[in-house]
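Got the viewer open? Let's walk through this one a selection at a time.

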Amino acid sequence: MTGPVITEVSPSDGPLCESSFVVSFFVPKENQPNPPPAKGLHVQRWKNVYVAARQFGGYVTDSNVGVEAAALQASIAGTDWSAAIDKSHRAGHASVYTVAQYNDPFEYDNRVNEIWFLFDMGNELHAM
């Protein structure tokens, strides 16, 4: 198993539908040119992307992931970063948030997780 395990969370299209989740595993650099195939899986290649991140410990649960995403949102509210994230979401370029989990499931202590807001860096932010 590689780390981090990344889960992209996107809203549903319908009023009573659940959110959708895409779980991704990092492929080590030596396997990236020709990743081993697996039935039902596909390779996803990421371009360079910017991330606003918040780190938290413990296990990721339905009850704490929303709290951590809201805390990240509050910490960047009113900033140029928040504006870039909103713009990326409106353009359909990013999930609502992404959860990165770095530890093996059987590691109980000192767990490291992050909430990410991915975004494109527009020309208007290069002057920062």
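Before the first click, one definition: contact here means heavy atoms within 4.5 Å. Also keep in mind that this is a predicted model.

**Stop 1: Glu68**

Select Glu68, which you'll find in helix 1. Leaving out neighbours within four places in sequence, Glu68 is in contact with Arg54, Phe56 and Ile115. Is Glu68 buried or exposed? It counts as buried, because its relative accessibility is 14% and the cut-off for buried is under 20%.

Now add Arg54 to the selection. Glu68 and Arg54 form a salt bridge, with the closest N and O atoms 2.6 Å apart. Glu68 belongs to helix 1 (residues 62–76) and Arg54 to strand 3, so the pair ties together parts that are 14 residues apart in sequence. Arg54 itself comes out as partly exposed, at 32% relative accessibility.

**Stop 2: the other salt bridge**

How many salt bridges are there by this rule? The count comes to two. For the one you haven't seen yet, pick Asp120 and Lys47, whose side chains meet at 3.1 Å, N to O. Asp120 sits in the segment after strand 5 (113–119) and Lys47 in the loop between strand 2 and strand 3, so this pair ties together parts that are 73 residues apart in sequence. Asp120 counts as partly exposed at 26% relative accessibility, whereas Lys47 counts as exposed at 56%.

**Stop 3: a nonpolar patch**

Stay in that loop and click Trp46, which is placed between strand 2 (20–25) and strand 3 (50–56). Trp46 is partly exposed, with 37% relative accessibility. Add Val49 and Val51 and switch on a surface: together with Trp46 they make a nonpolar surface patch of about 220 Å².

**Stop 4: strand 5**

Next, show strand 5 as sticks. How many of its residues are buried? Seven of its seven are, so "mostly covered" fits by the under-20% cut-off. In a regular strand the side chains alternate between the two faces of the sheet. Colour the two sides separately here: Asn113, Ile115, Phe117 and Phe119 are on one side, with Glu114, Trp116 and Leu118 on the other, and both faces are covered.

Bring in the pairing partners. Strand 3 and strand 5 run antiparallel and are joined by seven bridges. To see one of the positions, pick Ala52, whose bridge partner in strand 5 is Phe117. Strand 4 also pairs with strand 5 in the antiparallel sense, over four bridges. On that side, look for Ala100, which stands opposite Glu114.

**Stop 5: the nonpolar core**

Nonpolar side chains tend to be buried together in soluble globular proteins. For the case in front of you, which members of the largest nonpolar core touch the most other members? Select Ala52, Tyr97, Ile115 and Phe117: they do, out of 15 residues in that core. Strand 3, helix 1, helix 2 (80–90), strand 4 (97–101) and strand 5 each supply at least two residues. Helix 1 gives the most, with four.

Zoom in on Phe117 and expand the selection to its contacts. Setting aside residues up to four places away in sequence, Phe117 touches Tyr50, Val51, Ala52, Ala69, Leu72, Gln73, Ile76, Ile85, Val96 and Tyr97. Two names in that list should ring a bell: Val51 was part of the surface patch, and Ala52 is the bridge partner of Phe117.

**Stop 6: Val22**

Move over to Val22 in strand 2. Val22 is partly exposed, with a relative accessible area of 40%. Not counting residues up to four places away in sequence, Val22 touches Ile6, Thr7 and Glu8. If you have a distance tool handy, try Val22 to Val9: they are 13 residues apart in sequence and 6.9 Å apart in space, C-alpha to C-alpha.

**Last stop: Asn110**

Finish with a backbone check. Select Asn110, in the loop between strand 4 and strand 5. Its phi is positive, at about 55°, although Asn110 is not a glycine. Is Asn110 buried or exposed? Asn110 is exposed, with a relative accessible area of 72%.

Note on methods
Residues numbered from 1 in each chain as written. Predicted model: local features only at pLDDT ≥ 70, side-chain atom pairs only at ≥ 80, totals over all residues. Heavy atoms only, no water. Patch = residues over 30% accessible without salt bridge, like charges linked within 9 Å, V, L, I, M, F, W, Y side chains within 5 Å. Areas by Shrake-Rupley, 256 points an atom, 1.4 Å probe, with all protein chains shown as cover. Salt bridge = Lys/Arg side-chain N within 4 Å of Asp/Glu carboxyl O. Buried < 20%, exposed > 50% of the residue type's maximum accessible area, 1.4 Å probe, protein only. Core = buried A, V, L, I, M, F, W, Y, C linked by side-chain atoms within 4.5 Å. Pairing = 2+ DSSP bridges.
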